[in-house]
Each structure stands twice: as structure tokens, then as C-alpha cells.
Amino acid sequence: MKYETQRVAYPFFAVAMALFALQIVFGIMAATVYIMPEFLAEAMPFHIMRMSHTNLLVVWLLLGFMGCTYYLMPEEAEQEIHSPMIAYVQLAIFAVAGAGALLSYQLGIHEGREFLEQPLWSKILITVSFLMFLYNTSITLVKGRKTAINLVLMLGLWLAAVFWLFAFFNPSNLAVDKLYWWWVVHLWVEGVWELIMASLLAYLLIKMTGVDREVIEKWLYVIIGLALFSGLLGTGHHYYWIGAPSYWQPLSSIFSTLEVLPFFAMVMFAFFMFWKGRRNHPNKSAMLWTLGSATLAFFGAGVWGFMHTLSFVNYYTHGTQVTAAHGHLAFFGAYVMMILAVITYAMPQLRRVQPYNQILNMWSFWLMSSAMCFMTFTLTFAGVVQTHLQRVMGMNFMEVQDQLQLFYFMRLGSGVVVAVAAIIFFISIFGPVKEQAAATGES
């Protein structure tokens with residue numbers, strides 16, 4: 001580790017992983033309700049479980065992005081973090097906002113807008129924390145070296161903050177509400193977060209393949225150009241059925257189809273750089289997570305997104321388990337795996353040891369990714385059956401749910417395997433190591 005303030009990333013990673021564990025717990029609880037409808041019905045209704053599950057995902061991914069930024073920024077900018085104290089304070093504020101929102105959900109206090117259910121005071125604290133983070137990292141960048149990686153990363157983070165402000169806009173008209181609601185939800189996960197993912201991917205490939213920075217940066221510019229070109233107008237595939245003008249159906253079908261391209265470019269980029277580098281980096285588990293992230297992001301966000309993005313297909317599949325299949329694999333591949341890749345790469349340096357527990361880490365990778373793929377296939381088949389029975393044949397919603405019980409049992413089983421894989425990952429990252437030698441795995 002070249003810069004002492006890179007250690008600021010450690011507590012961000014630790015808190016993020018704690019929230020990741022909690023997210024999985026709520027996910028398993030929600031999956032249990034599908035096969036045992038009365039499970040915790042009085043103590044914690046299903047909508048509270050689901051709300052907690054999705055909100056924890058967003059919160060820990062944001063903390064993960066912050067930790068990744070604090071880790072790579074000193075190396076990229078060749079400059080120590082401007083103020084470690086600001087970093088620790090904003091982490092505390094963010095943790096209080098997230099924990100307070102989670103507690104408020106259990107008490108039935110929330111705004112009711114999916115993914116943006118946080119009470120107003122929590123939204124304000126999150127905004128304050130994020131602005132402190134952006135100030136701290138931007139000052140570091142201004143003082144230091146500017147690279148394509150840290151410039152694209154900061155562009156993605158600043159745009160995420162800008163679009164977050166629409167979370168405070170809550171019009172009374174439901175159609176108008178949904179119109180702007182997607183400016184947060186879609187433009188984050190299918191827009192500016194892709195910039196963050198691409199920059200983290202480029203950083204890891206530079207470090208672990210040895211390919212010239214200029215080559216990787218050219219690919220990075222192509223990827224972010226495709227992401228912004230397709231993702232901005234691709235927002236309209238959420239406007240099909242909310243009362244927006246009809247031109248959104250052909251326009252958004254075209255641009256949504258193009259949203260496959262940046263993810264295809266990412267997977268080609270990752271494997272081409274891996275092949276071109278031919279470098280036997282000691283942290284093989286970090287490379288495995290990196291290549292796995294690019295691959296499953298392409299299938300989850302690209303292929304599974306394309307499967308139901310055309311308006312004349314979405315007319316039937318909208319709101320079915322097909323959507324859940326796409327959402328699970330897309331989030332897991334694009335963002336969860338990328339953060340786990342950075343953590344796997346960074347922790348040996350942060351703990352000042354050789355790359356460690358790699359076999360355990362690789363077991364976690366194969367178990368978790370296999371279980372998530374199985375869950376995706378299960379939900380896809382459930383969604384196809386649901387679409388035919390409910391949307392084509394006109395069966396009652398609850399009657400259709402009875403026909404999907406086998407799929408829900410399999411989904412719960414795959415969720416349990418994900419939990420086991422997560423425990424293995426935590427042990428491999430935070431657990432004991434055999435040798436407390438100085439790390440040499442860093443390039």
C-alpha cells in the first residue's frame with residue numbers, strides 16, 4: 001500500500017459488508033413468505049421485509065462505492081486523501097441515516113415510494129454525508145493527478161448526487177411522480193452507476209493485467225459513451241404504461257435495446273485485457289471476481305434486460321417474476337460483484353498481508369454466482385408461467401401464485417446458498433491469516 005490514507009477504505013468496507021449480510025437476511029425472510037404466507041405476518045409484514053431488503057442493497061452499495069473511491073483515489077491522484085477525518089464523520093452520518101431509516105421501516109414510518117422510502121430526515125442526512133464525501137474526494141482529485149479512471153469515477157459519483165435530489169420531489173400526481181422517480185432509480189442503476197462500475201473495472205484491470213494504461217483508458221471512454229448514449233433515453237422503457245406520450249414506446253424500445261452494448265463492451269474489454277496482459281497476478285481471487293462481474297453484468301443487465309424491454313413484450317411481462325429475475329442478476333453482476341472484487345483486491349494491502357484465503361474466497365465466488373444464476377433461471381421460468389397464466393389466459397393473481405410454489409421453494413433454497421457463500425466470503429476477507437508478512441501482491 002503506497003498511501004497511508006488508503007486505510008480510510010477499511011471501515012467503509014466493513015460497514016458495507018455488515019449491511020450486505022443484513023440485506024441477505026431480509027431477502028431470505030421475504031422469500032420465505034412466498035411459500036409460508038403467514039410467516040411473521042403480524043410482527044413484520046411482507047412489504048416491510050422487501051423494503052428493508054432493497055434499501056439495504058442501495059445503502060451498502062453506496063458505502064461500497066465510497067470505500068472503493070477512498071482506496072483507489074490516492075493511487076490514481078498520487079495524493080493522500082484530503083481529510084481522513086471528514087471521511088470518518090461522513091461514514092458515521094451515513095450509517096446513522098441508514099440504520100435510522102431501517103428502524104423506522106419496522107415501526108411503519110416511511111414515504112411509501114419504492115427504493116425511496118427513507119423518511120425526510122434520513123434523506124437529508126444521506127445528502128449531507130454524500131456531499132462531504134464528494135468534497136473530500138474532489139479536493140483530492142483537484143490537488144493531484146487527473147486520469148481517465150478518477151475523472152470518470154468522480155463524474156459518475158457527482159451525477160449520482162445530482163439525480164438523487166429528485167428523491168425530494170414528490171408530486172401528488174402519480175404519473176408525474178413516476179416520471180421523475182425513474183430519474184433517480186433508472187438513471188442511477190442504468191446510467192451513472194455504470195460509469196462508476198466501468199472506472200472500477202478499468203482500475204482493477206490496470207493493476208492486475210499490466211496492460212498499458214492508455215489502452216485501457218480508450219476502452220473506458222468507449223464504454224461510458226455507450227452507457228450514457230443508451231441509458232439516458234432508455235429511461236423511457238419505464239414510461240410505457242404510466243400515461244406518458246405514446247412516442248416513448250418505439251423510441252425507448254430502440255434505446256433500451258442499445259443498453260446491451262456497454263455491458264457487451266465491458267465483458268469483451270475485461271477478457272481481452274486479461275488475455276492481452278498474460279500476467280500471473282498473485283491475487284487470483286480478485287481477478288476471478290473481476291471477470292465474473294463483467295460476465296454476469298452482461299447477462300443480468302444486458303441479456304435479461306433486453307428479454308423484456310421491448311414495449312410489445314413488456315406489455316405482458318411488466319411486473320412479473322421476469323422483472324425480479326432481471327433485477328437480481330443485474331444488481332449482483334454489475335455492482336455487488338464489482339465491489340466484492342475491489343474488496344478482495346484491496347484487503348491484503350489494507351491488512352498488510354499477502355493475498356490470503358484465496359481458495360476460500362474462490363469457493364465463495366463459485367457458490368454465490370452459481371446460486372444467483374440458479375435463482376435467476378428459477379424466477380425467469382416462474383415469470384414465463386406467470387405471464388402466460390395471468391396475462392394471457394386471465395387467471396386470478398393468487399391462483400397463479402399457487403402454481404408457482406415449486407419455483408419459490410427453489411428460489412428460497414438458492415437464497416440460503418447465497419447466505420452460506422457470503423459467510424465464506426466474510427471469513428476469507430476478515431478472518432485470520434497464516435502469515436502477517438508485508439503484502440507484495442500490489443502492482
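# A walk along the chain

Let's start with a little cluster of charges: E76, R213 and E217 are joined in a network of salt bridges. A salt bridge here is a side-chain nitrogen of Lys or Arg within 4 Å of a carboxyl oxygen of Asp or Glu. The structure has eight salt bridges, and we'll visit some of them below.

A word on what you're looking at: this is a predicted model, where local features need pLDDT of at least 70 and side-chain atom pairs count only at pLDDT 80 or more, while totals for chains, interfaces and linings use all residues. Residues are numbered from 1 along each chain as its sequence is written, and side-chain values use heavy atoms, with hydrogens and water left out.

Now for another salt bridge, the one between E75 and K207, whose closest N and O atoms are 2.7 Å apart. E75 sits in helix α2 and K207 in helix α6 (residues 174-209), so this pair links distant parts of the chain, 132 residues apart. Helices, by the way, are DSSP runs (H or I, at least four residues), as are strands (E, at least two), and they are numbered from the N terminus. Both E75 and K207 are buried. Buried means under 20% relative accessible area, exposed means over 50%, and partly exposed is in between (1.4 Å probe, protein chains only).

Next, head for the loop between α3 and α4, where E114 forms a salt bridge with R50, the closest N and O atoms being 2.7 Å apart. R50 belongs to helix α2 (residues 46-77), so the pair ties together parts that are 64 residues apart in sequence. Both partners have some surface showing: E114 is partly exposed at 25% relative accessibility, and R50 is partly exposed too, at 35%.

That loop has a further link to offer. The side chains of K123 and E111 meet in a salt bridge, 3.1 Å from N to O. Here K123 is in helix α4 and E111 in the loop between α3 and α4, twelve residues apart. The two ends sit in different surroundings: K123 is buried, with a relative accessible area of 0%, whereas E111 counts as partly exposed at 32%.

What about E117, which lies in the loop between α3 (84-106) and α4? This residue is buried yet has no salt bridge, and the nearest side chain of opposite charge, R50, is 5.6 Å away. For charges, Lys and Arg count as positive and Asp and Glu as negative, with His and the chain ends not counted. The side chain of E117 does reach the backbone nitrogen of F115, at 3.0 Å. That is a polar contact: a pair of N or O atoms within 3.5 Å, where within protein one must be able to donate a hydrogen and the other to accept it, and residues adjacent in sequence count only if both atoms are side-chain atoms. Leaving aside neighbours within four places in sequence, E117 is in contact (heavy atoms within 4.5 Å) with residues including M51, Y105, E111 and K123.

F115 deserves a look of its own. Its phi is near 70°, a positive value in a residue other than glycine. Most residues other than glycine have a negative phi. F115 lies in the loop between α3 and α4 and counts as partly exposed at 21% relative accessibility. L40 also has a positive phi, near 55°. You'll find L40 in the loop between α1 (9-35) and α2, partly exposed with a relative accessible area of 35%.

Let's move inside. Is L157, in helix α5 (residues 148-164), buried or exposed? At 1% relative accessibility, L157 counts as buried. Not counting residues up to four places away in sequence, L157 touches F65, T69, F130, F133, L134 and I196. I196 is 39 residues away from L157 in sequence, but their C-alpha atoms are 7.0 Å apart in space.

Further along, N357 lies in the loop between α12 (321-350) and α13 (358-392). N357 is partly exposed at 28% relative accessibility. The side chain of N357 reaches the backbone oxygen of P432 at 3.3 Å. Leaving aside neighbours within four places, N357 is in contact with I427, S428 and P432.
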